Amino acid sequence: MTLKVSIQNNKTVSLWCSYKDEDGNVLAEFKIRGSGYKPYKVALERANNQISSKGFDVVTARATDKLFPELLLECVACHLIEDWKGIVFHEENQDGELVEVEPECSPENAIKLLNQSDIGPVIWAFVNSESERIQKEADLYRDEVVGKSSSSTNGASSDQKKKRTTTAKNKLPSQVR
């Protein structure tokens with residue numbers, strides 16, 4: 001007998017996705033990883049653990065603590081956005097004038113985009129939904145290529161007879177001493 005298995009070296013999937021306005025005009029492009037990306041899953045788990053580890057003691061809350069939605073935004077920013085094109089920040093320079101800056105894609109700039117911009121939550125929702133779609137398509141493709149793994153048994157169930165147990169509850173009064 002032989003068990004044949006496929007060794008997977010690269011499980012990370014990512015695609016370029018166009019962020020469009022209501023008229024269908026492309027405003028920016030994001031290279032988005034699938035939601036199965038392990039560092040992303042670890043970050044989500046840590047965000048959940050951080051919230052649960054802080055407990056419900058509201059007295060210990062500090063200004064530096066992060067809200068759960070902020071943690072979720074950071075998880076997406078740091079791990080699902082791999083690259084971007086067409087992003088421009090409007091920032092104040094030292095003279096107080098608004099200038100356009102084309103930032104490189106980095107975790108810090110992605111956090112800034114999602115956490116501090118006027119449309120950050122909208123972009124977060126776009127990236128999050130595209131990530132789920134990308135992962136779903138990748139999983140379907142994998143299942144088609146690899147196929148469903150076959151069961152290691154022939155499917156026949158073993159008929160085990162249950163032992164009859166006698167307890168004080170189901171004994172007849174004459175059996176109880």
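Visitor: How many helices and strands does the chain have?
Guide: In this predicted model, the chain has 4 helices and 5 strands.

Visitor: And in what order do the elements run from the N terminus on?
Guide: Starting at the N terminus, the order is β-β-α-α-β-β-β-α-α.

Visitor: What share of the residues counts as buried?
Guide: The chain has 177 residues, and 22% of them count as buried. As for contacts between residues with a separation of 6 or more, 58% of those in the chain come from residues 24 or more positions apart.

Visitor: Okay, helices now. How do people describe two packed helices?
Guide: Two packed helices are described by the angle between their axes together with the distance between those axes.

Visitor: So at what angle do helix 1 and helix 2 cross?
Guide: The axes of helix 1, residues 38-54, and helix 2, residues 68-79, cross at roughly 165° and come within 9 Å. Angles over 145 degrees count as roughly antiparallel, and helix 1 and helix 2 are therefore roughly antiparallel to each other. Their crossing is right-handed.

Visitor: Which residues meet there?
Guide: On the side of helix 1 they are Pro39, Tyr40, Ala43, Leu44, Ala47, Asn48, Gln50 and Ile51, and these meet Phe68, Leu71, Leu72, Cys75, Val76 and His79 in helix 2. Sorted by class, the residues of this contact are 11 nonpolar and 3 polar, with no charged ones.

Visitor: What about helix 2 and helix 3, how are they packed?
Guide: Helix 3 covers residues 107-116, and helix 2 packs with helix 3 at an angle of about 135°, their axes being 8 Å apart. Helix 2 and helix 3 are therefore oblique to each other, and helix 2 passes helix 3 in a right-handed crossing.

Visitor: And which residues make that contact?
Guide: Helix 2 contributes Glu70, Leu73, Glu74, Val76, Ala77 and Cys78, while helix 3 contributes Pro107, Ala110, Ile111, Leu114 and Asn115. By class, the contact of helix 2 with helix 3 has 8 nonpolar residues, 1 polar residue and 2 charged residues.

Visitor: Switching topic: how many disulfides are there?
Guide: The count comes to 0 disulfides. Cysteine 75 is in no disulfide, and the nearest cysteine sulfur, which belongs to cysteine 78, is 7.7 Å away, whereas the sulfur atoms of a disulfide pair would have to be within 2.5 Å.

Visitor: Is cysteine 75 buried or exposed?
Guide: Cysteine 75 is buried, because its relative accessible area is 5% and the cut-off for buried is under 20%. Cysteine 105, with a relative accessible area of 23%, is partly exposed.

Visitor: Now helix 4. What does glutamine 135 touch?
Guide: Glutamine 135 is found in helix 4, and, not counting residues up to four places away in sequence, glutamine 135 touches Val13, Gly34, Ser35, Gly36 and Tyr37. With a relative accessibility of 14%, glutamine 135 counts as buried.

Visitor: Where does aspartate 139 lie?
Guide: Aspartate 139 also lies in helix 4, which spans residues 120-146, and aspartate 139 is partly exposed, with a relative accessible area of 26%. Aspartate 139 and glycine 34 are 105 residues apart along the chain, and their C-alpha atoms are separated by 9.8 Å.

Visitor: One last residue: is glycine 120 buried or exposed?
Guide: Glycine 120, found in helix 4, counts as buried at 0% relative accessibility. Leaving aside neighbours within four places in sequence, glycine 120 is in contact with Leu113 and Leu114.

Technical notes:
Residues numbered from 1 in each chain as written. Predicted model: local features only at pLDDT ≥ 70, side-chain atom pairs only at ≥ 80, totals over all residues. Heavy atoms only, no water. Axes fitted to C-alpha atoms, helices over the stretch in contact; angles between N-to-C directions. Helix = DSSP H or I, 4+ residues; strand = E, 2+ residues; numbered from the N terminus. Parallel < 35°, antiparallel > 145°, perpendicular 65-115°, else oblique. Left-handed = near helix turned anticlockwise from the far one by under 90°. Contact = heavy atoms within 4.5 Å. Nonpolar A, V, L, I, M, F, W, Y, C, P; charged D, E, K, R; others polar. Buried < 20%, exposed > 50% of the residue type's maximum accessible area, 1.4 Å probe, protein only.
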